[in-house]
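Let's take a relaxed walk through a protein model and look at a few of its parts. Keep the 3D view open as you read.

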Amino acid sequence: MRTTTTMKRKAASYLFRYSRNFHSDQRLNLNHNNSRLLSGTFLCCKTPIIRDSTPISQYCRNAYHASAMNHFKMASGFQFRRFASLSSVVQRNPSFSRLNSDDIDFFRSILGEKNVVQDEDRLLDANTDWLRKYRGSSKLLLQPRSTEEVSQILKYCNSRDLPVVPQGGNTGLVGGSVPVFDEVIINLGLMNDIISFDKVSGILVCEAGGILENLSSFLDNQGFIMPLDLGAKGSCQIGGNVSTNAGGLRLVRYGSLHGSVLGLEVVLADGSVLDMLTTLRKDNTGYDLKHLFIGSEGTLGIITKISILTPSKLPATNVAFLGCKDYSSCQKLLVDAKRKLGEILSAFEFLDNMSMDVVLNHLEGTRNPLPSTMHNFYVLIETTGSNDSYDKEKLEAFLLRSMEDGLISDGVLAQDINQISSFWQIREGISEALMKAGAVYKYDLSLPVEKMYDIVEAMRTRLGNSAIVIGYGHLGDGNLHLNISTPQYDDAVLAQIEPFVYEWTSNHRGSISAEHGLGLMKANKIFYSKSPEIVQIMASIKKLLDPRGILNPYKVLPHSLGS
């Protein structure tokens, strides 16, 4: 028995090799400006008013049964088709005013000529979301440079009943950052200053328009890192990250932004400024109101400044790319990683063989780290710590034991930073590869880990050969990215996906939005995850802070309760 164990260890040690010929690239940054434009129209359906006697599941089904129409003309005359979701018909709020020349003159008086944008090409970009599925018809883009200018804009718009949509990097996936009709776009990209950084506490105070990658670079030079990391970091802005409570790749180590964000400055709909920009880690003086705005998607106020706790940059990073035979092995590997890697575990990502296939076929320069065979599942494990030799020894021992236990079929350890980037490119590049492959229906679900992949298999059975169903995501925190890929968008395929995907998730006590938000796409689907009583309280908060409903209308809340 001792000899057998030794032989196994020797064999495993060869498998966890340091890859010397693996292709290296810079870690992927998704930039919405480089995406191709997909044309289409906007498909919606009428949402019924909630009745106390109507069960939630029946209420949700009724919303979908009312979606028999295929096309409609919006009040603006602009025709859309919505491929991402069968949502309800959205009618422009008749209480909202229309933009006129006096409004333009006012905005020019406070922002100057160049920051009041009416150029058609720039407006086309600002009106269209990153996935090219949602397109508004706004005629005006405003670019404030300070909190005071944001305050003046909102005070004026509120007095005139002019709806607005706050916009950051516009990398969202649920239509939350673009107009639905003719809302005035307020882009915070010019508000990108770093206000202060405390090297003792690691607390960064910055404006909301700071690009995540730029903030990460600044912190890297100071010996710190941002507590969140996203594939879209080259374009997304920290204000948008906080407004959507973005999760990303480091959540398993550093938690959500509800824990990292210490303070906010927020401008309300009437122009008043809430100064909650504390840098204190402890403050129990009453209600912690900042949490209302984290994840509110710009519907309660516009975040203009952020105070955020940043972790120290640790010198030792190791990444393993592993092949597994089944999803059960991935789960067991996660349990063991939490126990045996403990404090150094910083990421635990998984993807299925369909995800790997789409990346290899559609993302130029990407190679399979385990080229000898295609595995059913792949796991990327990252560790970060302060002692490279200790961390590496600990990781190698864990991997060897996992191979002996049959949880890993093959694996490779990155040798240097280029290979670390190459491994991460596979995981981060799935979204871009899917865009290049054709049409894609994207669902961001939070589920119990043991049930996460069941919905992928159920969807494959349901769709058969009509679509390619892909599952990947943040296994460490129970977040599945379910993607359905087809050559082109097809209403028949969509009707098979929805409402099934939401009903299945609700029946398994999951969330229909783990980290992407609700936006326009899922506003009417909120009842799959929240009770009518909770949604009604949300609507009351919205009414209190934005009584005229001008802030990002038609988003987050169901349209029967919103604008």
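Here we look at a sheet, some aromatic rings, one aspartate and a pocket.

Before we start, bear in mind that this is a predicted model.

**The sheet**

Let's begin with an open sheet of five strands, whose order is S6-S7-S10-S8-S9, with antiparallel pairing. At its edges stand strand S6 (194–198) and strand S9 (273–276); each has a single partner strand, so one side of each is left without a neighbour in the sheet. From one strand to the next, the twist averages 10°.

Now zoom in on strand S10 (residues 302–309), which is joined by five bridges to strand S7 (residues 203–207). Those two strands run antiparallel. Two contacts are handy to find on screen: leucine 204 stands opposite isoleucine 308 in S10, and glutamate 207 has lysine 305 in S10 as its bridge partner.

S10 also pairs with strand S8 (residues 261–267), again antiparallel, this time through six bridges. Here, glycine 263 has serine 307 of S10 as its bridge partner. How many of the eight residues of S10 are buried? Eight of the eight are, so S10 is largely enclosed by the rest of the structure.

**The aromatic rings**

Next, the rings. A pair of aromatic rings is described by the distance of the centres and the angle of the planes. The model has a count of 16 aromatic pairs, and here are two of them:

| Pair | Centre to centre | Angle between planes | Type |
|---|---|---|---|
| Phenylalanine 106 and phenylalanine 107 | 5.8 Å | 70° | edge-to-face |
| Tyrosine 327 and phenylalanine 377 | 6.0 Å | 50° | tilted |

Why is the pair of phenylalanine 106 and phenylalanine 107 edge-to-face? Planes over 60 degrees apart count as edge-to-face, and the planes of these two rings are at 70°, so the pair gets that label. As for their surroundings, phenylalanine 107 is buried, with a relative accessible area of 0%, whereas phenylalanine 106 counts as partly exposed at 25% relative accessibility.

Tyrosine 327 lies in helix H11 (residues 327–340) and phenylalanine 377 in strand S13 (residues 377–385), so their pair ties together parts that are 50 residues apart in sequence. Tyrosine 327 and phenylalanine 377 are both buried. They also belong to a bigger group: Tyr327, Phe350, Phe377 and Tyr453 form one aromatic cluster.

**One aspartate**

Now find aspartate 391 in helix H13 (residues 388–404). Is aspartate 391 buried or exposed? Buried means under 20% relative accessible area, and aspartate 391 has 2%, so it counts as buried. Leucine 341 is 50 residues away from aspartate 391 in sequence, yet the two are 8.6 Å apart in space, C-alpha to C-alpha.

**The second largest pocket**

Last stop: a pocket. Rolling a probe the size of a water molecule over the atoms shows where empty space is left. The second largest pocket has a volume of about 740 Å³. It is lined by 30 residues, and the closest to its centre are Gly295, Leu518, Lys530, Met538 and Val556.

Helix H10 (290–293) and helix H19 (532–545) each supply at least two residues of that lining. H19 gives the largest share, five residues. Sorted by class, the lining of this pocket has 13 nonpolar, 13 polar and four charged residues.

Definitions and conventions. Residues are numbered from 1 along each chain as its sequence is written. This is a predicted model: local features need pLDDT of at least 70, side-chain atom pairs count only at pLDDT 80 or more; totals for chains, interfaces and linings use all residues. Side-chain values use heavy atoms; hydrogens and water are left out. On a 1 Å grid over the protein atoms alone, a cavity is a set of points where a 1.4 Å probe fits but cannot get out, and a pocket is an open set with protein on both sides within 12 Å along at least five of seven lines; lining residues have an atom within 4 Å of a point. Grid points are joined across faces, edges and corners, and a volume is the space filled by probe spheres set on the points. Helices (H or I, at least four residues) and strands (E, at least two) are DSSP runs, numbered from the N terminus. Ala, Val, Leu, Ile, Met, Phe, Trp, Tyr, Cys and Pro count as nonpolar, Asp, Glu, Lys and Arg as charged, and the others, Gly among them, as polar. Rings of Phe, Tyr and Trp (its six-membered ring) pair if their centres lie within 6.5 Å; planes under 30 degrees apart count as stacked, over 60 as edge-to-face and the rest as tilted. Buried means under 20% relative accessible area, exposed over 50%, partly exposed in between (1.4 Å probe, protein chains only). Two strands pair if DSSP finds at least two bridges between them. Axes are lines fitted to C-alpha atoms, for helices over the stretch in contact, and angles run from 0 to 180 degrees between N-to-C directions.
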